[in-house]
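Here are a few exercises to work through at your own pace. Have the sequence and the structure open beside you, and try each task before reading its solution.

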Amino acid sequence: MSSLRFVIMTAALLITTTASGQSVPSVLTQAVAATEAAKTPYAFDIELQGAERTWRARFHPETDPRVRLIEPQRDQLSGDERRAFDSYARDVEGVSWCASENMARVRDVRLLREDATSATYAFQPTAESVRGEQARRYIDRMRGELTLSKANPDVTSIRLFTPAPFSPVPLVDVRRVNVAITCQLAPNGRRYAAETVSDISLSAFGRDINQRTVQRARNLQ
């Protein structure tokens, strides 16, 4: 399985995963409202870095297709790689805002820790908070954490992980999934998912698979 396949699998999970649920913290409500008001359809560069190769592309909201592969050249891709990239490109809708409107679709939000400047919450993702059939199928195995800044409230980081190994289908054992999203300020002053690091370890049909992939969005214009 290619590194890009792992990127796509985790991107499907991450693209709309957010937090809220019971007892929504007012600071989170403020963050979502501020981000919604400031949303801007930026163009940006995409980098998908895996063990096998690095992919670079450019997203532009007003072009067709909106995602253009820059490196490697399309004729250098295998058929499987081409289909994987095309599937990924169809799913990219634009900048992934960290305090997005979908933050009302998870449950069991609870405070883990806080200090004078930030607060970290645990949450349970739900099928309604993610995109992609595969992500929805196993979402009950995932847990989440997010950190909120208190001044000018915004989400500064998100983490999704499996607290225990599980077997989604016979002969496949998922030992670990850990996805860490680092949020940075966009030109509009709101935070977006600038870097997503995915660490996946599993055994499939007697074969051990360990993959670390990094997805970056930069140069918002």
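A salt bridge here is a side-chain nitrogen of Lys or Arg within 4 Å of a carboxyl oxygen of Asp or Glu. Please keep in mind that the model is predicted.

**Exercise 1. Find the salt bridge between Glu 114 and Lys 150, and say which parts of the chain it links.**

Solution. Start with the distance: the side chains of Glu 114 and Lys 150 come to 2.8 Å, N to O, which meets the 4 Å cut-off. Next, place the partners. Glu 114 belongs to strand 4 (residues 107-114), while Lys 150 sits in the loop between strand 6 (143-149) and strand 7 (154-161). The two are 36 residues apart, so the pair links distant parts of the chain. Finally, check exposure: Lys 150 has 33% relative accessibility and counts as partly exposed.

**Exercise 2. Are Arg 190 and Asp 154 buried or exposed, and what does their salt bridge tie together?**

Solution. First, the pair itself: the side chains of Arg 190 and Asp 154 form a salt bridge at 3.4 Å, N to O. Arg 190 is in the loop between strand 9 (172-185) and strand 10 (191-204) and Asp 154 is in strand 7, so the bridge ties together parts that are 36 residues apart in sequence. Now apply the cut-off, under 20% relative accessible area for buried. Arg 190, at 4%, counts as buried, and Asp 154, at 1%, counts as buried too.

**Exercise 3. Start from the salt bridge of Glu 195 and Arg 216, and find which residues join them in one network.**

Solution. The side chains of Glu 195 and Arg 216 meet at 3.0 Å, N to O. Glu 195 lies in strand 10 and Arg 216 in strand 11 (residues 207-218), 21 residues apart. Glu 195 is partly exposed at 24% relative accessibility, and Arg 216 is partly exposed at 21%. Following shared partners then gives one network of Glu 47, Arg 56, Glu 71, Glu 195, Arg 216 and Arg 218. For the whole model, the count comes to 13 salt bridges.

**Exercise 4. Work out how strand 1, strand 2 and strand 3 are paired.**

Solution. Take strand 1 (residues 44-49) and strand 2 (residues 54-59): they run antiparallel and are joined by six bridges. Four residues separate them, and together they form a hairpin. Within this pairing, Glu 47 has Arg 56 as its bridge partner in strand 2. Move on to strand 3 (residues 67-71), which is antiparallel to strand 2 and joined to it by four bridges. Here Phe 59 has Val 67 as its bridge partner. The loop between strand 2 and strand 3 holds Pro 65, and the peptide bond joining Asp 64 and Pro 65 is cis, with omega about 5°.

**Exercise 5. Look at the backbone of Asn 152 and Leu 171: what is phi in each?**

Solution. Asn 152 has a positive phi of about 45°, although it is not a glycine. Asn 152 lies in the loop between strand 6 and strand 7 and counts as exposed at 55% relative accessibility. For Leu 171, phi is near 70°, again a positive value in a residue other than glycine. Leu 171 is in the loop between strand 8 (166-169) and strand 9, and is exposed with a relative accessible area of 61%.

**Exercise 6. Decide how much confidence the predictor gives the chain, and where pLDDT stays under 50.**

Solution. The chain averages a pLDDT of 84, and 86% of the residues score at least 70. Over residues 1-22, pLDDT stays under 50.

Methods: Residues numbered from 1 in each chain as written. Predicted model: local features only at pLDDT ≥ 70, side-chain atom pairs only at ≥ 80, totals over all residues. Heavy atoms only, no water. Buried < 20%, exposed > 50% of the residue type's maximum accessible area, 1.4 Å probe, protein only. Pairing = 2+ DSSP bridges. pLDDT = per-residue confidence, 0-100. Contact = heavy atoms within 4.5 Å.
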